[in-house]
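Visitor: I have a model open and want to learn to read it feature by feature. Can you take me through it?

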Amino acid sequence: MKGDSPREAAFEVLRAVSADDAYANLAMPAALRRHELRGRDAALATELGYGALRGQGSYDAVIAACVTRPIEDLDPPLLDALRLGAHQLLATRVPPHAAVSTTVNLVRRHVNEGAARLANAVLRRIGERDLDGWAAELAPARDADLTGYLAFRHAHPLWIVRALHDALGGDDAELEAALRADNEPAGVTLAVRPGRGTVDELVESGARPTRWSPYGAVVESGSPARLAAVREGRAGVQDEGSQLVALALAAAPVEPPDERWLDLCAGPGGKAALLAGLLTQTGGRLLAVEQHEHRARLVAQALAGDLGEHEVLVADATQPNWPEADFDRVLLDAPCTGLGALRRRPEARWRRRPADVAGLRRLQSGLLRSALWSVRPGGLVAYVTCSPHLAETVTVVDDVLAGRSDVERIDARPYLPGVPDLGDGPDVQLWPHRHGTDAMYLALLRRTE
Ligand SMILES: C[S@@+](CC[C@H](N)C(=O)[O-])C[C@H]1O[C@@H](n2cnc3c(N)ncnc32)[C@H](O)[C@@H]1O
């Protein structure tokens, strides 16, 4: 049993995701702890579990081609085990006989002997082709329908492939690179709280500095909680793209005074902590607003050791209860589909629905109006999403600015110094395949009157 603990852990995570709607990035660490997995065993469990979840749509199509009944009629634990087996056969270097026998054993333990026999037959059929072979059999032809082919080959729902295609301006080669990057595990990036922690300290503990953010460092292996700076609140987990967009808001010029900053959607507080740290150095005050009480508590925790003035307010930011035009800089890190962070959330692509976009877009527009209402003439608003979907990015900003003459869209690119491949501006779209960051979007807006 002990030797197979990585597969047990991966299987438990798949079960938690499909039966209980769990988030894999929370379920996996818990499963690793339960099975006391570390080092290579933990890495194997994570690769198998996350890989099976990322590839689920395509693996289900392959499994469906190898069984005679609809896959919805399969016992759910059997289906999850088959997904785990399909991933090992089609996307890892696990020898096929090991992929089959370990999966069959899982099914025997968790379902029954009859299901184990079925699993054995299905997995042998799956192993008759590699992923390209299955794509040739099940996906549209690459030449006839590129997005349909890529959706299968790189395991993304078609609507997401289309959204990324549009956001990349229709560049087919880049689209494939973007899809591939979503399937690459992302390292854990930390941000030090300015004035409280230093990147040198993280580097001395084995992390490597991020390429562009002067506050970031990447932890290649092990839990970040082992670092004293993280345990003591002087650094926190934050993607480099998130750091860069918050830093851009802080770097763009504003005529003094420049001392009242607002974070409209602050939970869980990563960007608020970065902004509060910067404000401590120049003197100023941060108001961090968050609608959900439990997330507001996380913001308060993130800001706990901050030496500057700050306040955390639980409120709906579409209904501001603070004075109009009272802030010099406003960050709106809007709730979004999260399509820019798919590499960190293995199951998210199959859970999100295209219908989510319209509701979010309405909320994003309402929040952006509040942000512009809150900022004083001459002040700046950063509209940020961790999604590159045009309906959540450029379109929201275009819609809200339409017919308004009191807001100027400024070129955000100079405020991400050194970052290459930022396109024609004025907005910035970061990409995992170009920048190694999450796909953060940033529009910088100045109130002119
Ligand atoms: C993308 S997250 C923000 C991430 C955060 N800026 C960070 O760096 O840690 C969006 C947040 O907005 C909050 N939110 C959603 N609707 C809101 C509203 N109407 N007013 C205030 N906060 C809202 C969500 O609860 C969520 O915590």
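Visitor: How many nonpolar, polar and charged residues does the shell around the ligand have?

Guide: First, a caution: this is a predicted model. By class, the shell has 6 nonpolar, 7 polar and 5 charged residues.

Visitor: Which residues come nearest to the ligand?

Guide: There are 18 residues around the ligand, and C265, G267, K271, A317 and D333 come nearest. Then look at the elements. Two of them, α15 (270-282) and β6 (285-290), each give two or more residues to the shell.

Visitor: G267 caught my eye. What kind of peptide bond joins G267 and P268?

Guide: Read omega. For this bond omega is about 5°, and the bond is cis. P268 sits in the loop between β5 (260-263) and α15. Another cis bond runs from G425 to P426, with omega near -5°. P426 belongs to the loop between β10 and β11.

Visitor: Let us step back. Which domains does the assignment give?

Guide: The protein chain has domain 1 (5-131), domain 2 (146-183), domain 3 (190-237) and domain 4 (240-447). To place domains, use their C-alpha centres. Those of domain 1 and domain 3 are 34 Å apart.

Visitor: Now sheets. In what order do the strands of the open sheet run?

Guide: Read across the sheet, neighbour by neighbour. The order of the 4 strands is β2-β3-β1-β4, with antiparallel pairing. β2 (208-209) and β4 (235-237) are at the edges with a single partner strand each, so each has one side without a neighbour in the sheet. As for side chains, in a regular strand they alternate between the two faces of the sheet.

Visitor: How many bridges link β1 and β3?

Guide: Strands β1 (residues 188-192) and β3 (residues 216-219) are paired over 4 bridges, in the antiparallel sense. To find the register, pick a residue pair: T189 is opposite V218 in β3.

Visitor: Turn to β12. Is it mostly covered or mostly open?

Guide: Count its buried residues. In β12 (residues 441-447), 6 of 7 are buried, so to speak of it as mostly covered is fair. Next, list its partners. β9 (residues 375-385) pairs with β12 over 6 antiparallel bridges. β10 (residues 407-410) pairs with β12 over 4 bridges, also in the antiparallel sense. β11 (residues 428-429) does so over 2 bridges, again antiparallel.

Visitor: Which residues are bridge partners or stand opposite each other there?

Guide: L380 has R446 as its bridge partner in β12. V407 has R447. V428 is opposite L442.

Visitor: Which residue does UniProt list for "active site"?

Guide: The unreviewed UniProt entry lists C386. Treat that as a record, since such annotations may be inferred rather than shown by experiment. In the model, C386 lies in the loop between β9 and α19 (394-401).

Visitor: Is C386 buried or exposed?

Guide: Count C-beta atoms within 10 Å; 20 or more others make a residue buried. C386 has 25, so it is buried. Leaving out residues up to four places away in sequence, C386 touches C336, G338, G340, A341, D438, A439 and M440.

Visitor: Last topic: backbone angles. Which phi value does D21 have?

Guide: Look for a positive phi outside glycine. D21 has one, of about 55°. D21 is in the loop between α1 (5-20) and α2 (24-34). A155 also has a positive phi, near 55°. A155 lies in the loop between α9 (146-153) and α10 (158-167).

Visitor: Is D21 buried or exposed? And A155?

Guide: D21 has 9 other C-beta atoms within 10 Å, so D21 is exposed. A155 has 25, so A155 is buried.

How values were computed
Residues are numbered from 1 along each chain as its sequence is written. This is a predicted model: local features need pLDDT of at least 70, side-chain atom pairs count only at pLDDT 80 or more; totals for chains, interfaces and linings use all residues. Domain bounds come from an automatic or database domain assignment. A residue is near a molecule or strand if its C-beta atom, placed from the backbone, lies within 6 Å of it. Ala, Val, Leu, Ile, Met, Phe, Trp, Tyr, Cys and Pro count as nonpolar, Asp, Glu, Lys and Arg as charged, and the others, Gly among them, as polar. Two strands pair if DSSP finds at least two bridges between them. A residue is buried if 20 or more other C-beta atoms lie within 10 Å of its own, exposed if 12 or fewer, and partly exposed in between; C-beta atoms are placed from the backbone. Two residues are in contact if their C-beta atoms, placed from the backbone, lie within 7 Å.
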